[in-house]
Amino acid sequence: MILTKKRRLRLGIRQQTALLSRQEKLSQSQTVFSILEKTTVFRKSRNIGFFWSLTDELPTQDVIRKWAGRKNIFLPRTEGDEMHFVRYREGCEMEEGDFRILVPAGADRIDPADLDIIIVPGVAFDSNGRRLGKGKGYYDRFLERHGIYTVGVCFYHQLIAEVPSEPHDRRVDMVVSPGGLLVNTGTAAKGKPSDGVCPSPRDLCLKESLA
């Protein structure tokens, strides 16, 4: 039943994303990362895991290039069923990895323990930090082993009332959409009620310090 709900949700979200123009995608992305860049957790992070977006994901290329000279940026590379993060440097050669995702060529891995935060893609998120991925489980397996602070980023329509979830699905600590920011301060990831999470996905409030 849950798998069926996930498949239907992925299809519905994919159809909505396909209706967005390139300019609208870029506009929503700029808003999301403008919010994220003001948070304490982002400003204090030195080693940041990002993702090189596909056409059905919130665009990340501009923000990656923007911060590559000021912070250490790492992108995911998959090998078999596992995922690790490799260094991205401004102007570095990119090559096609699994699933046609571009990754830095010949880059060094980072020890996951040295990552401060990971910016996580998703098909959908909800106000309790539940995340629906594309079904391959790479992030779930990686985050199960490594307790790294995670930030989900998404379009307006990808923040929904409730994401169907299974025990192995890992929640994120923060969700940022163009409408604002929700913080789960680690409690949601442990299955406990989240402090300060706004009830309405379209009426979010800034809980992270912006000072």
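In this predicted model, helix H2 (22–37) and helix H4 (61–67) each contribute at least two residues to the lining of the second largest pocket. The bigger contribution is that of H2, which gives the most to this lining, with eight residues. The second largest pocket has a volume of about 380 Å³. Its lining is made up of 18 residues, and those nearest the centre are Leu 26, Ser 29, Pro 59, Thr 60 and Asp 62. Sorted by class, the lining of this second pocket holds five nonpolar, seven polar and six charged residues.

Helix H2 is also home to Gln 28. With a relative accessibility of 5%, Gln 28 counts as buried, because buried means under 20%. Once residues up to four places away in sequence are set aside, Gln 28 touches Leu 20, Leu 58, Phe 155, Tyr 156 and Pro 178.

Attention can now turn to the largest pocket, which holds about 840 Å³ of space. Of the 39 residues that line it, Glu 57, Lys 134, Lys 136, Tyr 138 and Tyr 139 are the closest to its centre. Four elements each supply at least two residues of this lining: helix H1 (2–18), strand E2 (72–79), strand E8 (131–132) and helix H5 (138–145). Helix H1 provides the largest share, six residues. By class, the lining of the largest pocket comprises 16 nonpolar, nine polar and 14 charged residues.

Charged side chains also pair with one another, and the structure holds eleven salt bridges. One of them involves Lys 134, whose partner is Asp 56, with the closest N and O atoms 3.2 Å apart. Asp 56 lies in the loop between strand E1 (47–49) and H4, whereas Lys 134 lies in the loop between E8 and H5, so this pair ties together parts that are 78 residues apart in sequence. Both partners count as partly exposed, Asp 56 at 28% relative accessibility and Lys 134 at 41%.

A further salt bridge joins the side chains of Arg 77 and Glu 95, at 3.2 Å from N to O. Here the link runs between distant parts of the chain, with Arg 77 in strand E2 and Glu 95 in strand E4 (residues 94–96), 18 residues apart. Arg 77 counts as buried at 17% relative accessibility, while Glu 95, at 32%, counts as partly exposed.

Helix H5 takes part in this pairing as well. Glu 144 forms a salt bridge with Arg 170, and their closest N and O atoms are 2.9 Å apart. This pair again links distant parts of the chain: Glu 144 sits in helix H5, and Arg 170 in the loop between strand E9 (149–153) and strand E10 (174–177), 26 residues apart. Arg 170 is partly exposed, with a relative accessible area of 26%.

Asp 140 also lies in helix H5. Although buried, Asp 140 has no salt bridge; the nearest side chain of opposite charge is that of Arg 131, 4.1 Å away. A salt bridge requires the nitrogen and the carboxyl oxygen to be within 4 Å, so this distance does not qualify. Leaving aside neighbours within four places in sequence, Asp 140 is in contact with Arg 131, His 168, Asp 169 and Arg 170. Of these contacts, Asp 169 belongs to a network of salt bridges that links Lys 6, Glu 166 and Asp 169.

Conventions: Residues numbered from 1 in each chain as written. Predicted model: local features only at pLDDT ≥ 70, side-chain atom pairs only at ≥ 80, totals over all residues. Heavy atoms only, no water. 1 Å grid on protein atoms, 1.4 Å probe; cavity = no way out; pocket = protein on both sides within 12 Å on 5 of 7 lines; lining within 4 Å. Points joined across faces, edges and corners; volume = space filled by probe spheres on them. Nonpolar A, V, L, I, M, F, W, Y, C, P; charged D, E, K, R; others polar. Buried < 20%, exposed > 50% of the residue type's maximum accessible area, 1.4 Å probe, protein only. Lys, Arg positive; Asp, Glu negative; His and termini not counted. Contact = heavy atoms within 4.5 Å.
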